[in-house]
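Welcome! Open the structure in your viewer and get ready to select a few side chains as we go.

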Amino acid sequence: MKIGVPKEIKPQENRIGLTPESVKILVSEGHEVIVENNGGFEAGFENDQYTNAGAKIASTAADIFNDADIIVKVKEPQKVEVDMIRENQIVYTYLHLAAAKELTEGLIKSKSVNIAYETVTDDSGRLPLLAPMSAVAGRMSVQAGAHCLEKNQKGRGLLLGGAPGVTGGTVVILGGGVVGENAAVIATGMQAKVHIVDKSEARLKQLVEMFGDKIIPEQSDKIDLPKLVSEADLLVGGVLIPGAEAPKLVTKDMIKSMKRGSVIVDVAIDQGGCVETSKPTTHSEPTYIVDDVVHYCVANMPGGVPRTSTLALNNATLPYLVKLANNGYQKALSEDKNFLAGLNVHKGMVTYKAVADVFGHNFVDPGEAVKH
């Protein structure tokens, strides 16, 4: 198979779909890999590292979209890329379609085969290709939030970890999944007071086993959420409903009750955000203020640490890509129901229920779709 890796063109997106090491593995399996010129440069990977691994360098994205059987990306295709996607071409990347109507319609129209990293599952119902980026975003959320609390960032002027004789800040983490767990790693390390809110009692028990008395577990149906939000110096939104839009847990009224200069980091912004006042921002202009509360809603947080992110992402995505390239998508997907869960749009049909529901399309069972 010909596997194409275009340079990411979303603003401030510096990751790349494949590392040179991943290229080497694919070439050893007999596949041809084409990487766009300087595609990995911002993540610290040079053209000659790719050519030494056996890749060909293409001068433009158009060359890659013209030639490749599989397109491997990190972020969802931008409009100019959607226009280049060919019928039957396989696109393997993060898609986040439930929050992107125009992209969904474009992919339907292209009649391509679109596999979303974020909806591939494992036997426990977890999301193994989303997990590494959720881990990076979770860790970054507290790092970014701590920075935003500084006065010159329009924050409260508060050091999250406190100082000798001065207590640290209060961090409220909504969602105890991968984002929440990793946010807690950094927040507890900074010696903040950390509340984790989750609806699952079993998950909260696991987190207490991990963190002990460094966290305060809060079961969502047993707490006064508005009160907890009002006490937060840093609120981290890490709530996820796989493949669907994030629920709005924090309302405009709750924001009004927050302390002047407190900070919200809405990691769920890729799926629409879990805070009513959230709207996507970029690494170049990461924050805005509503009711004296600093909002950090960067839609591709891991893009800020592209080297770490690309390496972590490839560890997870490569084994599936090898299967896809070796066996073809029909065999690879039909033999693995967890991989099949990643199929979102197939040759003009919507094959992921949450996406079909949100945009009023007919849902086609992915298992049936790949037979044709």
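Is F45 buried or exposed? Select F45 to begin: in this predicted model, F45 is buried, with a relative accessible area of 4%. That value falls under the 20% cut-off, so the residue counts as buried.

Now add Y50 to your selection. Y50 is buried too, and its relative accessible area is 1%. A pair of aromatic rings is described by the distance of the centres and the angle of the planes. The ring centres of F45 and Y50 are 6.5 Å apart, and because their planes stand at 70°, the pair is edge-to-face.

Your next stop is Y94 together with Y117. These two form an edge-to-face aromatic pair, with 4.8 Å from centre to centre and 85° between the planes. Which parts of the chain does this pair link? Follow the backbone to find out: Y94 sits in the loop between β5 (90–93) and α5 (101–110), while Y117 sits in the loop between β6 (113–116) and α6 (131–148). The two residues are 23 residues apart, and their pair links distant parts of the chain. Y94 is buried at a relative accessible area of 3%, and Y117 is buried at 0%.

Keep Y94 and Y117 selected and add Y92, Y320 and F339. Together, these five residues form one aromatic cluster.

For the last stop, select K279 and Y288. What lies over the face of Y288? Turn the view until you look down on the ring: K279 lies over that face, at 4.3 Å from the ring centre.

Terms used. Residues are numbered from 1 along each chain as its sequence is written. This is a predicted model: local features need pLDDT of at least 70, side-chain atom pairs count only at pLDDT 80 or more; totals for chains, interfaces and linings use all residues. Side-chain values use heavy atoms; hydrogens and water are left out. Rings of Phe, Tyr and Trp (its six-membered ring) pair if their centres lie within 6.5 Å; planes under 30 degrees apart count as stacked, over 60 as edge-to-face and the rest as tilted. Buried means under 20% relative accessible area, exposed over 50%, partly exposed in between (1.4 Å probe, protein chains only). Helices (H or I, at least four residues) and strands (E, at least two) are DSSP runs, numbered from the N terminus. A charge sits over a ring if NZ of Lys or CZ of Arg is within 6 Å of the ring centre and within 35 degrees of the ring normal.
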